[in-house]
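Thank you all for coming. Please have the sequence and the structure open on your screens while I talk, and let me take you through a few parts one after another.

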Amino acid sequence: MIHYTLYPNQASNQWVTFVHGAGGSSSIWYKQIRDFQKHYNVLLLDLRGHGNSAPTLKEAFQKKYTFSALANDILDVLDHLKIEKSHFVGISLGTILIRQLAEMYPSRVQSMILGGAILKMNFRSQILMKLGNVFKYVLPYLVLYRFFAFVIMPKKNHKQSRLLFINEAKKLYQKEFIKWFKLTAEINPVLKWFRQVELHIPTLYVMGNEDYMFLPSVRKVVEKHYKSSKLFVIEHCGHVVNVEQPAIFNKNVIAFLQTVT
């Protein structure tokens, strides 16, 4: 089972589960814990190979990763803790896993907060994936990761987010990085399905107005899925909205959650 951390609130029966992105860990939510724990029970997860879920070298060579398998990792923790239903807050690739979980087990997902959501790989991100596939067995993964982080988060005010994810990525094994990178082979059909199918689960997209790679596609999807989805855009903010603008992120996400609890 993947590693998890609990921050209980005895006055609440509501749960909020946080899902980080590729290369990160549950530590990226450190600016959210205090505010959210005032209202909810908080569950933080470390995805496979990340944070305290880091595998042994032997484990790193086993089992192909799929979005379904990674979503089932999350479900295993919910079942273990006997959490019947939770709100979910995700960032970057974590938003894909939350949406995958909602597709598979909609009754377990009370609402979705999708920060820096990935709904379509634009031309630049497609080029990044192709470059990564060419060099993933040649270059050390941290070289690739630093490059990807700079392309996705290029501005001076994105520096804190870049450094946080790069420092967390240092804990990965090379083989582990490759397994996660291989997920890009199945990402396009998965994202196409997500764009086409609206789940009737309350959903808030939280995007930075400088998240130039992913914001345009999110705008289009919210216009199409307007019955269940809302978009909140944070000014002067890039991809990792919860780190760059935590006060605004926390305030608006908690306000949204209070409308659906």
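Let me begin with a single residue: does D73 count as buried or as exposed, going by its relative accessibility? At 12% relative accessibility D73 counts as buried, because the cut-off for that class is under 20%. Please keep in mind throughout that this is a predicted model, and that every value I quote is computed from it.

D73 has a charged partner, for its side chain meets that of R48 in a salt bridge, with 2.5 Å from N to O. Since D73 lies in helix 2, residues 67-80, while R48 lies in the loop between strand 3 (41-45) and helix 2, the pair ties together parts that are 25 residues apart in sequence. R48 is buried as well, with a relative accessible area of 18%.

This is one of five salt bridges that a search of the whole structure finds, and I would like to show you two others. The side chains of E103 and R99 meet at 2.8 Å, N to O, in a salt bridge, and as these residues are four apart in helix 3, about one helical turn separates them. Here E103 counts as partly exposed at 23% relative accessibility, whereas R99, with a relative accessible area of 5%, is buried.

In the next salt bridge, the side chains of E210 and K155 meet at 3.7 Å, N to O. E210 sits in the loop between strand 6 and helix 9, and K155 in the loop between helix 5 (141-152) and helix 6 (159-169), so this pair ties together parts that are 55 residues apart in sequence. E210 counts as buried at 14% relative accessibility, while K155 is partly exposed, its relative accessible area being 42%.

Let me now step back to the chain as a whole. Its secondary structure comes to 11 helices and seven strands, and buried residues make up 56% of its 261 residues. If we take the contacts with a separation of 6 or more, residues 24 or more positions apart account for 81% of them.

How are the seven strands ordered in the sheet? They form an open sheet with mixed pairing, in the order 1-3-2-4-5-6-7. Strand 1 (4-7) and strand 7 (229-234) stand at the edges with a single partner strand each, which means that one side of each is left without a neighbour in the sheet. From one strand to the next, the twist averages 20 degrees.

Within this sheet, strand 4, residues 86-91, and strand 5, residues 109-115, pair in the parallel sense over six bridges, and you can find H87 standing opposite S111 of strand 5. Helix 3, residues 93-104, packs on the sheet and touches strand 2, strand 4 and strand 5, with its direction at about 150 degrees to that of strand 4. This is the helix that holds E103 and R99.

Strand 6 and strand 7 also pair in the parallel sense, over six bridges, and there Y205 stands opposite L231 in strand 7. The chain crosses from strand 6 through helix 9 to strand 7, and this β-α-β crossover is right-handed. Helix 9, residues 215-224, lies across strand 6 (203-208) and strand 7, and runs at about 150 degrees to strand 7.

I will finish with the aromatic rings, where the count comes to two pairs. The rings of F18 and W29 have their centres 4.9 Å apart and their planes at 55 degrees, so this pair is tilted. F18 lies in strand 2 (residues 15-19) and W29 in the loop between strand 2 and helix 1 (33-37), which puts the two 11 residues apart, and the pair links distant parts of the chain. Both F18 and W29 are buried.

The other pair joins F18 to F36 and is edge-to-face, with 5.2 Å centre to centre and 90 degrees between the planes. It, too, links distant parts of the chain, with F18 in strand 2 and F36 in helix 1, 18 residues apart, and F36 is buried, as is F18. Taken together, the ring pairs link F18, W29 and F36 into a cluster.

Definitions and conventions:
Residues are numbered from 1 along each chain as its sequence is written. This is a predicted model: local features need pLDDT of at least 70, side-chain atom pairs count only at pLDDT 80 or more; totals for chains, interfaces and linings use all residues. Side-chain values use heavy atoms; hydrogens and water are left out. Rings of Phe, Tyr and Trp (its six-membered ring) pair if their centres lie within 6.5 Å; planes under 30 degrees apart count as stacked, over 60 as edge-to-face and the rest as tilted. Buried means under 20% relative accessible area, exposed over 50%, partly exposed in between (1.4 Å probe, protein chains only). Two strands pair if DSSP finds at least two bridges between them. Axes are lines fitted to C-alpha atoms, for helices over the stretch in contact, and angles run from 0 to 180 degrees between N-to-C directions. Contact means heavy atoms within 4.5 Å. A salt bridge is a side-chain nitrogen of Lys or Arg within 4 Å of a carboxyl oxygen of Asp or Glu. A crossover is right-handed if, with the strands pointing away from the viewer, the path from the first strand over the helix to the second runs clockwise.
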